[in-house]
Amino acid sequence: MKTRYIRSVAHIPQLSKDEREEISEVEKWFSFTATEYYLTLIDWSDPFDPIRRLIIPDPGEIEMDEGDLDPSGESTYTVAPGLQHKYARTGLLLVSDRCGGLCRYCFRKRLFVAGSEEVFPDVTAGIAYIRKHPEVTNVLLSGGDPLMLPTETLRRIITDIRTIDHVRLIRIGSKMPAYNPMRISEDQGLLNLLREYSLPDRRIYVMSQFTHPREITPQAEEAITALLSAGVMVLNQTPILRGINDSGEVLAELFRKLSFIGVSPYYVFQCRPTHGNHIYAVPLEESYRIFEEARSMVSGIAKRARFVMSHATGKIEIVACTGEYVVMKYHQAADPEEMGKVIVCRRNPSAYWFDDYVTFIDECNLSAVHDGRSTQPIGEAPGADTLSE
């Protein structure tokens with residue numbers, strides 16, 4: 001089953017003439033791409049259909065002049081053409097500037113505008129950098145979508161990475177299991193490539209991006225089964241999005257269906273404040289409640305995701321909310337000194353991003369946490385905490 005790529009809403013007959021004209025104004029700012037297959041998942045009789053909202057441009061995207069094209073400061077971590085090195089152990093190679101569909105909430109819209117120079121299909125300089133940095137144990141292929149590359153191009157990239165002994169993991173960030181699952185299930189060359197290089201001690205991971213449970217179709221299940229059969233590990237990540245998965249019931253159903261087909265929920269992201277994303281964003285504390293409600297409805301296998309923000313300074317996990325405070329922790333940090341750092345802020349129900357919090361109650365670096373073992377004799381019971389007695 002092959003599917004055609006559609007790159008203009010003018011070619012979507014289910015949209016009225018007025019809708020196409022209105023949406024065409026959005027296309028002047030933000031590109032549109034979808035597959036015929038993915039468009040069949042839309043219930044066109046429902047103007048609020050979540051799959052439609054995921055892929056069809058919305059005039060609201062250009063109603064407000066706010067947001068940043070690079071809200072996480074990714075470009076500032078570029079160390080070689082196409083290579084970002086933000087976290088010590090991870091190298092991120094931007095190898096493609098094409099996607100099977102352009103998510104309306106995309107946080108890398110800047111890659112799809114004329115003049116963007118962050119994507120670099122020639123990975124020679126990036127590979128050379130990684131080879132000189134033994135702290136890099138995993139490489140993430142991203143873009144755009146690496147699975148939009150020809151299989152032979154992908155083979156050259158993966159083969160080059162596999163010549164670096166200290167790189168044990170290769171990750172491929174892709175929404176193709178949702179947008180065009182046949183790209184995976186019907187390309188035996190791709191599956192052979194993955195099987196060849198996903199080894200018992202050097203796995204390949206596909207980071208899928210299922211955002212709504214209706215994306216998990218029989219075709220998507222077939223693609224996931226093919227990946228698992230090739231020895232690939234599959235994890236999923238998604239943002240919480242207004243009108244798409246912003247309810248505990250919908251997110252729980254997504255977690256359940258992922259676990260049923262052998263995909264582990266990995267990250268749930270706070271929607272990044274990228275230009276044009278405001279109509280898809282949910283306030284952070286509301287997102288936390290939705291996330292925890294979803295986790296309360298599923299098994300332990302299905303609740304392994306973490307709720308995080310990909311901030312310029314690192315991946316900040318939202319750990320807890322109390323009546324007055326929000327507790328956050330650096331799950332990853334650009335500054336190694338901030339790894340594990342805990343931050344307590346006064347709650348702000350209107351906050352969408354870390355920068356919206358202005359009242360910090362407490363913070364503590366991991367290095368400041370006293371290790372009682374350093375003074376505790378082996379075998380001796382710890383003394384009572386007199387303050388709590």
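Asp18 is exposed, with 58% relative accessible area; exposed here stands for over 50%, buried for under 20% and partly exposed for what lies in between, using a 1.4 Å probe and protein chains only. Asp18 sits in helix α1, which covers residues 17–27. Helices are DSSP runs of H or I with at least four residues, strands are runs of E with at least two, and both are numbered from the N terminus.

Before going further, a word on the model: it is predicted, so local features need pLDDT of at least 70 and side-chain atom pairs count only at pLDDT 80 or more, while totals for chains, interfaces and linings use all residues. Residues are numbered from 1 along each chain as its sequence is written, and side-chain values use heavy atoms, without hydrogens and water.

**Charge at the surface**

Together with Glu21, Glu22 and Glu63, Asp18 forms a negative surface patch. Patch members have over 30% relative accessible area and no salt bridge, with like charges joined within 9 Å and nonpolar side chains (Val, Leu, Ile, Met, Phe, Trp, Tyr) within 5 Å.

**Salt bridges**

How many salt bridges does a search of the whole structure find? The search gives 24, where a salt bridge is a side-chain nitrogen of Lys or Arg within 4 Å of a carboxyl oxygen of Asp or Glu. Here are three of these pairs, with the accessibility of each partner.

| Pair | N to O distance | Acid, relative accessibility | Base, relative accessibility |
|---|---|---|---|
| Glu19 and Arg52 | 3.1 Å | Glu19, 25%, partly exposed | Arg52, 14%, buried |
| Glu25 and Lys28 | 2.9 Å | Glu25, 37%, partly exposed | Lys28, 61%, exposed |
| Arg242 and Glu286 | 3.0 Å | Glu286, 24%, partly exposed | Arg242, 26%, partly exposed |

Where do the partners Arg242 and Glu286 lie? Arg242 is in the loop between β9 (233–240) and α10 (248–260), and Glu286 is in helix α11 (residues 284–295), so their salt bridge ties together parts that are 44 residues apart in sequence. Salt bridges that share partners also build one network, made up of Asp70, Glu74, Arg108, Arg110 and Arg272.

Back to the pair in the top row: the side chains of Glu19 and Arg52 meet in a salt bridge. Glu19 belongs to helix α1 and Arg52 to helix α3 (residues 50–55), so this pair ties together parts that are 33 residues apart in sequence.

**Cysteines**

A disulfide is a covalent bond between the sulfur atoms of two cysteines. In practice it is assigned to a pair of cysteine sulfur atoms within 2.5 Å, and by this rule the count is zero disulfides. Cys271 is in no disulfide, because the nearest cysteine sulfur, that of Cys106, is 10 Å away. Cys321 is likewise in no disulfide, with the sulfur of Cys345 as the nearest cysteine sulfur, 10 Å away. Are these two cysteines buried or exposed, or partly exposed? Cys271 is buried at 5% relative accessibility, whereas Cys321 is partly exposed at 22%.

**A view across the chain**

Glu36 lies in helix α2 (residues 36–39) and is partly exposed, at 34% relative accessibility. Glu36 and Arg203 are 167 residues apart along the chain, and their C-alpha atoms are separated by 32 Å.

Definitions and conventions. Areas by Shrake-Rupley, 256 points an atom, 1.4 Å probe, with all protein chains shown as cover. Lys, Arg positive; Asp, Glu negative; His and termini not counted. Charge placed at Lys NZ, Arg CZ, Asp CG, Glu CD.
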